[in-house]
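The following exercises ask you to read helix packing and a ligand shell from a structure. Work through each task with the structure in view before you turn to its solution.

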Amino acid sequence: MVLLQVMYTDLDFIATFNIEPEVLQQFLFEVYRHYNNIPFHNFKHCFCVTQMMYGLIWLTDLKSKMENIDLLIMLTSAVCHDLDHTGYNNAYQINARTELALRYNDISPLENHHCAVAFEILETRESNIFRNLSSDQYKRIREGIIKCILATDMTRHNEILNKFKSILPGFDFTNKEHKDLLMMVLIKVSDISNEARPMEVAEPWLDCLLQEFFNQSDVEKLKGLPVSPFMDRDKVTKPSSQIGFIRFVLLPLFIELANLFPCLEQHIIDPVRKALNYYTEMEKALDKEKQNRSHSESGAKNKEAADLQPEASKPETQ
Ligand SMILES: Nc1nc2c(ncn2[C@@H]2O[C@@H]3COP(=O)(O)O[C@H]3[C@H]2O)c(=O)[nH]1
Ligand SMILES: [Zn+2]
């Protein structure tokens, strides 16, 4: 929590937006309290995503390209983006007809909820870090945070990526539509950036994600609900989960962002390519192990069959 405070201070938010330190502390404490103790979507995930956003802001020198209020929107969106996640994704919410799905009519139920919880925290004066801003500024921040948090729904991934691609050739930091899309891409990149971290950090995060996935699919099986194949413990392995995700989701997104900010190539694309190699090797090793196992199993079966044959029909041994 202290480190998050440092990020707000470091980016000059405290001074620019007149945020009192006790209010920031109270806000961050409320945020902390509203993350659940679940394997993946917990406060540590919130911290990692915020830290990545903070790192990206500095690496791309966004301070010189965007207004401070936009940076405040991005960092606060990262902090709040998974508030009160219960460990069950939107597909589950919709299929199980949970309270959230009913409340939000199946439209990004989780993301709508994360955002609503954020603004509930901000409704309390003691934890409202925006309380010294004008109503126009508050309005702009609210609109921005809603846009950013709702952009983290992965069912909108292609829509957002394609729009971003289409504006990239003439990207203009003074164009609101362009800036909004960049902010959405930045939170998306931060949200799914674990594989850009060192392997010792990334792999345990994958274990946590799979634990949450498997838990969901176990419950879905018990309740007779549809099970997503990428969450099924009988179908998924670590490499099978990561190879497709890195190839078809991470790299295409990260490459577009690096088109705008070439310095990111070394920071986010190189490590992700390394991770892809790592999981490809792991896949090969698993395949080999599987082959060996099936060979030895079929060898054992043959031997069993041979042992069951009558003496006369057994092959001659020398
Ligand atoms: N397979 C895989 N999925 C991921 C990884 N990181 C994030 N995701 C998925 O991307 C989603 C982003 O939004 P959520 O946090 O709701 O849930 C996340 C996961 O479903 C990863 O490293 N591997
Ligand atoms: Zn997240």
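**Exercise 1.** Describe how the axes of helix α11 and helix α13 are placed with respect to each other, and state which residues make the contact.

*Solution.* In this predicted model, helix α11 covers residues 176-191, and its axis comes within 11 Å of that of α13, with a crossing angle of roughly 130°. Angles over 145 degrees count as roughly antiparallel and those from 65 to 115 as roughly perpendicular, with the rest, apart from angles under 35, being oblique; α11 and α13 are therefore oblique to each other. The next step is the hand of the crossing, which is left-handed for α11 and α13. On the side of α11 the contact is made by Val185, Lys188 and Val189, and on the side of α13 by Leu253, Phe254 and Leu257. Sorted by class, this contact of α11 with α13 has five nonpolar residues, one charged residue and no polar ones.

**Exercise 2.** Carry out the analysis for α9 and α11: which hand does their crossing have, and which residues make the contact?

*Solution.* Begin with the axes: helix α9 spans residues 135-150, and its axis and that of α11 come within 8 Å and cross at roughly 50°. By the angle classes used in the previous exercise, α9 and α11 are therefore oblique to each other. The crossing of α9 and α11 is right-handed. Gly144, Lys147 and Cys148 of α9 make the contact with Asp180, Met183, Met184 and Ile187 of α11. By class, the contact of α9 with α11 has four nonpolar, one polar and two charged residues.

**Exercise 3.** Find the residues around ligand 1, and decide which helix gives the most to this shell.

*Solution.* Start by listing the residues around ligand 1, which are His41, Thr152, Met154, Asp191, Ile192, Asn194, Glu195, Leu206, Leu209, Ser241, Gln242 and Phe245. Then look for the helices: α12, residues 199-223, and α13, residues 238-260, each supply at least two residues of the shell. Of the helices, α13 gives the most, with three residues. Sorting by class completes the picture, since the shell around ligand 1 has five nonpolar, five polar and two charged residues.

**Exercise 4.** State which residues UniProt lists for the PDEase domain, and how far apart the ends of that span lie.

*Solution.* An unreviewed UniProt entry lists residues 1-286 for "domain: PDEase". In the model, the end C-alpha atoms of residues 1-286 lie 40 Å apart, and the span is 69% helix and 0% strand.

Terms used. Residues numbered from 1 in each chain as written. Chains lettered and ligands numbered in written order. Predicted model: local features only at pLDDT ≥ 70, side-chain atom pairs only at ≥ 80, totals over all residues. Near = placed C-beta within 6 Å. Helix = DSSP H or I, 4+ residues; strand = E, 2+ residues; numbered from the N terminus. Nonpolar A, V, L, I, M, F, W, Y, C, P; charged D, E, K, R; others polar. UniProt positions renumbered as here; feature names shortened; annotations may be inferred. Axes fitted to C-alpha atoms, helices over the stretch in contact; angles between N-to-C directions. Left-handed = near helix turned anticlockwise from the far one by under 90°. Contact = placed C-beta atoms within 7 Å.
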